[in-house]
Amino acid sequence: MPRISIFPTDTMSPEQRVVYDKIVSGPRGRIQGPLRAALHNPELADKWQALGALLRYGTTLPPRLSELAILVTGRACNSPFEWYAHRAEAEKAGIEQPVIEAILAGTEPPGLSADDAAIYHYAIELNRHNSVSDAIYGVALARFGERAVVELTALIGYYTMVAMTLNCHEIPLPEGVAPAFALPQHTEMKP
């Protein structure tokens, strides 16, 4: 059960309706996930959806490499919704089941191509250490160039924000969908 009301609702303001209509008429074709929470602030939701559309559909990274980085990030952030949404996208982009299952299990996928390995290791290090080593950075830079490395870093950062939003507000999976893994249990901190 979500911790906040999620959109769409019958009580949307005109500003929320404009952003909602923009989202569903764009490349996503629907509203799900974190934008259902972000619509509490229409300006935030509008800028969020624009950045997300750019990073998802407008970079030099092919869909396969973007989805690989997103899957690694969704799993690293323990986000069942992000995993659910992007597992299907990863499959559409041609990522093989053994690769997907290895990422889900937290192990290095077998038989990665050089491009896939560069993306995988970059995403793993950035998620674990909030930066990447010179060696991993150098491989990505040599394979993809400066623009793509900037785009890759932004993509991983964006999907970290997505995962945090999904997890924090407990945005539910679609009805009938079981999570691939459980959210970690929290211990209460005393104020």
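Start by selecting Tyr159, which is buried at a relative accessible area of 6% (buried means under 20%, exposed over 50% and partly exposed in between, with a 1.4 Å probe and protein chains only). Before you go further: this is a predicted model, in which local features need pLDDT of at least 70 and side-chain atom pairs count only at pLDDT 80 or more, while totals for chains, interfaces and linings use all residues. Residues are numbered from 1 along each chain as its sequence is written, and side-chain values use heavy atoms, with hydrogens and water left out.

**Stop 1: the rings around Tyr159**

Add Tyr158 to the selection; Tyr158 is buried too, at 6% relative accessibility. The whole structure holds five aromatic pairs (rings of Phe, Tyr and Trp, the last by its six-membered ring, pair if their centres lie within 6.5 Å; planes under 30 degrees apart are stacked, over 60 edge-to-face and the rest tilted). Now pick Phe81 and Tyr84, an edge-to-face pair with 5.8 Å centre to centre and 80° between the planes. They sit three residues apart in helix H5, which means about one helical turn separates them (helices, H or I with at least four residues, and strands, E with at least two, are DSSP runs numbered from the N terminus). An α-helix has 3.6 residues a turn, so residues three or four places apart point the same way. Phe81 is buried at 6%, whereas Tyr84 is partly exposed at 30%. Back to Tyr158 and Tyr159: this pair is also edge-to-face, at 4.9 Å centre to centre and 85° between the planes. Bring in Trp48 as well, and you have a cluster linked by ring pairs: Trp48, Tyr158 and Tyr159.

**Stop 2: the largest pocket**

Which residues lie nearest the centre of the largest pocket? Select Arg28, Gln32, Arg56, Ala85 and His86; they are among the 20 residues that line it. The space inside comes to about 380 Å³. For the method: on a 1 Å grid over the protein atoms alone, a pocket is an open set of points with protein on both sides within 12 Å along at least five of seven lines, a cavity is a set where a 1.4 Å probe fits but cannot get out, and lining residues have an atom within 4 Å of a point. Grid points are joined across faces, edges and corners, and the volume is the space filled by probe spheres set on the points.

Colour the lining by helix next. Helix H3 (42-57), helix H5 (80-92) and helix H9 (146-169) each give at least two residues, and H5 has the largest share with five. By class you should see 11 nonpolar, four polar and five charged residues (Ala, Val, Leu, Ile, Met, Phe, Trp, Tyr, Cys and Pro are nonpolar; Asp, Glu, Lys and Arg charged; the others, Gly among them, polar).

**Stop 3: helix H6**

Select residues 97-105. In this helix, Val99, Ile100, Ala102, Ile103 and Leu104 are buried. What covers them includes helix H4 (63-76), H5 and helix H7 (114-129). Step past the end of H6 to Gly106, where phi is positive, near 80°.

**Stop 4: two asparagines with positive phi**

Asn78 is in the loop between H4 and H5, with phi near 50°, a positive value in a residue other than glycine. Its relative accessible area of 26% makes Asn78 partly exposed. Is Asn130 buried or exposed? Asn130 counts as exposed, at 69%. You will find Asn130 in the loop between H7 and helix H8 (134-144), with a positive phi near 60°.

**Stop 5: the cysteines**

How many disulfides does the structure hold? Zero, where a disulfide is a pair of cysteine sulfur atoms within 2.5 Å. Draw a distance from the sulfur of Cys77 to that of Cys168, its closest cysteine sulfur: at 13 Å, it is too far for a bond. Cys168 is partly exposed, at 42%.

**Stop 6: two long-range checks**

Val19, in helix H1 (residues 14-25), is buried at 6%. Leaving out residues up to four places away in sequence, Val19 touches Leu39, Pro42, Ala45 and Asp46 (contact means heavy atoms within 4.5 Å). Finish at Pro172, in the segment after H9. Pro172 and Ile6 are 166 residues apart in sequence and 9.7 Å apart in space, C-alpha to C-alpha. Beyond its neighbours within four places in sequence, Pro172 is in contact with Pro2, Ile6 and Phe81, and Pro172 is partly exposed at 30%.
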